[in-house]
Amino acid sequence: MNRKIYSRINKKISISVFSLLLLLTNNAFANTSINVGPTLGEQAPEISVVNTQEQAVNIKEISGEQGLIILFFRSADWCPFCKKHLIELNEHAEQFTKLGYGLAAISYDNTDILKTFADQKNISYPLLSDQKVQTMLAYGIVNSEYAVDSDHYGIPYPGVVIIDNKGKVIHKHFFKGYKKRVKFADLYQQLKKGS
């Protein structure tokens, strides 16, 4: 009798442990960075974007003394995770600019959407529009889940690229899913140690 009870308990524990390991493994893979975007150490591709006043913007104009941090995001219109992430970057903006970095965020949103969001949330850095998808293609971060004829074509994988003051890519971090994002507090600590 005791053997049967012990065997059942042991079996349930084994199944529970296996399920937990499977869940942790899936989460670990879901949360890891994917290898898309420009090559580290190489010259950053030019950006072909406009600001909320519909003026063309280049990397040099928005860079700080140390370089530029670009956040690529899905949409400030319909993506709640993006909206939250943009606000989080705004909360850390002063820290990054004190380290000497310029900040910008790029999406496929039109300038009206970006201007409305920036005004409503008092965003202190430029939100830039890449409606022609030239920058997303140049950076190799167009989300492959959306076909060219889709309304959502041009959505990037969410992530960050950091360009140094010589125009070279020194950091990149992208995620396949839309929920996982770069933690700006961690990124700040990494950059602070490197300066």
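**What kind of unit do S3, helix H3 and S4 make?** In this predicted model, strand S3, helix H3 (residues 80–98) and strand S4 make a β-α-β unit, and a right-handed one. The close-ups below start from S3 and work outwards.

**View 1. Strand S3 is wrapped up by the rest of the structure.** S3 covers residues 67–72, and 6 of its 6 residues are buried, so the strand is largely enclosed by what surrounds it. Look at where the side positions go: Gly67, Ile69 and Leu71 point one way, while Leu68, Ile70 and Phe72 point the other way. Whichever way they point, all of these residues are buried. Take Phe72 as an example: its relative accessible area is 0%.

**View 2. S3 has strand partners in S4 and S6.** With S4 (residues 101–107), S3 pairs in the parallel sense, and 6 bridges join the two. If you want a spot to look for, find Ile69, whose bridge partner in S4 is Leu103. With S6 (residues 159–164), the pairing is antiparallel, again over 6 bridges. Here Gly67 is a handy marker, as its bridge partner in S6 is Asp164.

**View 3. Helix H6 has a buried face.** H6 runs over residues 184–194, and its buried residues include Phe184, Leu187, Tyr188 and Leu191. Seen down the helix axis, the buried residues of H6 fall within an arc of 100°, so they line one face. A bit of background helps here: an α-helix has 3.6 residues a turn, so residues three or four places apart point the same way. And what sits over the buried residues of H6? The cover includes S3, H3, S4, S6 and strand S7 (169–174).

**View 4. Phe72 meets Phe174.** The structure holds 4 aromatic pairs. One of them is Phe72 with Phe174, a tilted pair whose rings sit 6.2 Å apart centre to centre, with 40° between the planes. Phe72 belongs to S3 and Phe174 to S7, so the pair ties together parts that are 102 residues apart in sequence. Phe174 is buried too, with a relative accessible area of 1%. Add Tyr139 to the picture, and you have one aromatic cluster made by Phe72, Tyr139 and Phe174.

**View 5. Phe96 meets Phe184, with the two helices H3 and H6 behind them.** Phe96 is buried at 0% relative accessibility, and Phe184 is buried as well, at 3%. The ring centres of Phe96 and Phe184 are 6.4 Å apart and the planes stand at 80°, so this pair is edge-to-face. Phe96 lies in H3 and Phe184 in H6, so the pair ties together parts that are 88 residues apart in sequence.

**View 6. Ser75 sits in the loop between S3 and H3.** Is this loop residue buried or exposed? Ser75 counts as buried, at 0% relative accessibility. A polar atom of the Ser75 side chain lies 2.9 Å from the backbone nitrogen of Asp77. The Ser75 side chain also makes a polar contact, at 3.2 Å, with the side chain of Trp78. Setting aside neighbours within four places in sequence, Ser75 is in contact with Cys82, Tyr108 and Asp109.

Conventions: Residues are numbered from 1 along each chain as its sequence is written. This is a predicted model: local features need pLDDT of at least 70, side-chain atom pairs count only at pLDDT 80 or more; totals for chains, interfaces and linings use all residues. Side-chain values use heavy atoms; hydrogens and water are left out. Buried means under 20% relative accessible area, exposed over 50%, partly exposed in between (1.4 Å probe, protein chains only). Helices (H or I, at least four residues) and strands (E, at least two) are DSSP runs, numbered from the N terminus. Two strands pair if DSSP finds at least two bridges between them. A crossover is right-handed if, with the strands pointing away from the viewer, the path from the first strand over the helix to the second runs clockwise. The arc is that of the directions from the helix axis to the C-beta atoms. Contact means heavy atoms within 4.5 Å. Rings of Phe, Tyr and Trp (its six-membered ring) pair if their centres lie within 6.5 Å; planes under 30 degrees apart count as stacked, over 60 as edge-to-face and the rest as tilted. A polar contact is a pair of N or O atoms within 3.5 Å; within protein, one must be able to donate a hydrogen and the other to accept it, and residues adjacent in sequence count only if both atoms are side-chain atoms.
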